[in-house]
Amino acid sequence: MKRPSLIVGGSLTQRLQAAEAARQRKDFQACLEMLQDASRLAPANSGILLQLGQFYGFRYDYAAAEDCFEQALRLAHHKSEMLMAITDHCHIFRNPDMVERYLRLALEQPDVTPQACIKLAELYERLSRLPEAAQLVERALTLNPAYPAALLVRVRLERLAGRLETAEHVLRSFISKPIPDIWIHARAWYELATILDRQGRFDDAMTAFLEAKILLRPQAP
């Protein structure tokens with residue numbers, strides 16, 4: 001099948017539209033070429049650099065991805081926000097080493113957020129680096145004592161340590177309160193169901209499980 005010809009000349013908008021059209025039809029090489037062309041036209045556009053970095057990451061060209069991300073970071077007025085955006089892109093192409101590197105940079109910023117602490121804590125949890133994860137949870141809760149995502153990670157760490165009663169106590173301190181992030185709220189109920197099941201409280205565990213399902217039901221479509 002013949003690839004549609006690339007745009008010669010034209011505006012930045014046309015190139016970005018062509019890149020998106022190529023992505024939609026899964027012509028990823030054409031998409032990459034259009035993004036490269038767009039970046040040459042607008043070298044200070046950090047959004048294009050982020051897209052390019054993600055594409056390089058998908059192609060396992062991590063050096064090129066990192067070069068794009070570093071350029072975007074140099075251009076950013078708000079370093080913390082840019083570092084979190086870069087981290088999200090690294091998550092998408094599944095490079096935990098780059099995720100850790102940029103999250104650690106985010107933690108060095110004067111306006112560090114509890115979100116950055118918890119993203120790194122969750123990475124360390126998956127890597128079984130539990131003491132480091134616990135330290136990051138405490139740092140996040142120092143920044144925001146009521147941060148649900150931090151409390152949920154603390155609960156999981158307590159469960160993994162076998163402290164089921166403590167884990168349940170922490171969960172019940174926030175699980176019945178409004179939590180804007182439905183996914184975090186549902187995960188908290190699933191976690192409670194797991195803890196109750198481990199304690200042999202099977203009816204209560206089923207009730208918690210159903211609470212999680214109710215929260216997620218509107219997202220089912």
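**Figure 1. H169, an exposed histidine in helix α10.** At 61% relative accessibility, H169 counts as exposed, because anything over 50% falls in that class. This histidine belongs to helix α10, which covers residues 164-172. As in every panel here, you are looking at a predicted model. A useful partner to pick out in this view is V155: it sits 14 residues from H169 along the chain, and the two C-alpha atoms are separated by 8.8 Å.

**Figure 2. R159, a buried arginine in helix α9.** Turn next to helix α9, residues 148-160, where you will find R159. Is this arginine buried or exposed? R159 is buried, and its relative accessible area is 15%; the cut-off for that label is under 20%. Which residues does R159 touch, once those up to four places away in sequence are set aside? Its contacts are L164, A167, E191, T194, I195 and R198.

**Figure 3. F55 in helix α3 and its contacts.** F55 lies in helix α3, a helix that spans residues 46-58. With a relative accessible area of 11%, F55 is buried. Leaving out residues up to four places away in sequence, F55 touches R23, F28, C31, L32 and L35. You can also locate A65 from here: ten residues separate it from F55 in sequence, and the C-alpha to C-alpha distance is 7.6 Å.

**Figure 4. Y60, a loop residue with a positive phi.** Y60 is found in the loop that links α3 (46-58) to α4 (62-75). Its phi is near 65°, a positive value in a residue other than glycine. As a reminder for this panel and the next, most residues other than glycine have a negative phi. Is Y60 buried or exposed? Y60 counts as exposed, at 64% relative accessibility.

**Figure 5. R94, a second loop residue with a positive phi.** For R94, look at the loop between α5 (79-92) and α6 (96-107). Phi of R94 is near 60°, again positive in a residue other than glycine. The relative accessible area of R94 is 74%, so this arginine is exposed. If you keep the R159 panel at hand, you can set this exposed arginine beside a buried one.

**Figure 6. H78, in the loop between α4 and α5.** Where does H78 lie? You will find H78 in the loop between α4 and α5. H78 is exposed, with a relative accessible area of 52%; the label applies because the cut-off is over 50%. Q109 can serve as a second landmark: H78 and Q109 are 31 residues apart along the chain, and their C-alpha atoms are separated by 9.9 Å.

**Figure 7. N144, in the loop between α8 and α9.** N144 lies in the loop that follows α8 (130-143) and leads to α9. This asparagine is partly exposed, and its relative accessible area is 28%. That label fits because 28% is in between the cut-offs of 20% and 50%. How far apart in space are N144 and L32, C-alpha to C-alpha? The distance is 40 Å, for two residues 112 apart in sequence. You have already met L32 as one of the residues that F55 touches.

**Figure 8. The whole chain, for orientation.** Stepping back, the protein chain has twelve helices and zero strands. Its radius of gyration is 22 Å, well over the 17 Å that the globule rule gives for 221 residues, so the chain is more spread out than a compact globule. Along the principal axes, the C-alpha atoms fill a box of roughly 65 × 40 × 30 Å. Buried residues account for 44% of the 221 residues. Among contacts with a separation of 6 or more, 48% join residues 24 or more positions apart. The chain exposes about 12500 Å², and carbon and sulfur atoms supply 54% of that area. There are 28 positive and 27 negative side chains, and the centres of the two sets lie 4 Å apart.

**Figure 9. Model confidence, with residues 1-9 in view.** The average pLDDT of the protein chain is 92, and 95% of the residues score at least 70. Please read the start of the chain with care: over residues 1-9, pLDDT stays under 50. For these residues the model has 15 contacts beyond four places in sequence.

Terms used. Residues are numbered from 1 along each chain as its sequence is written. This is a predicted model: local features need pLDDT of at least 70, side-chain atom pairs count only at pLDDT 80 or more; totals for chains, interfaces and linings use all residues. Side-chain values use heavy atoms; hydrogens and water are left out. Helices (H or I, at least four residues) and strands (E, at least two) are DSSP runs, numbered from the N terminus. The radius of gyration is taken over C-alpha atoms; the globule rule is 2.2 Å times the number of residues to the power 0.38. Buried means under 20% relative accessible area, exposed over 50%, partly exposed in between (1.4 Å probe, protein chains only). Contact means heavy atoms within 4.5 Å. Accessible areas come from the Shrake-Rupley method with a 1.4 Å probe; for residues, only the protein chains shown count as cover. Lys and Arg count as positive and Asp and Glu as negative; His and the chain ends are not counted. The place of a charge is taken as NZ of Lys, CZ of Arg, CG of Asp or CD of Glu. pLDDT is the predictor's confidence in each residue, from 0 to 100.
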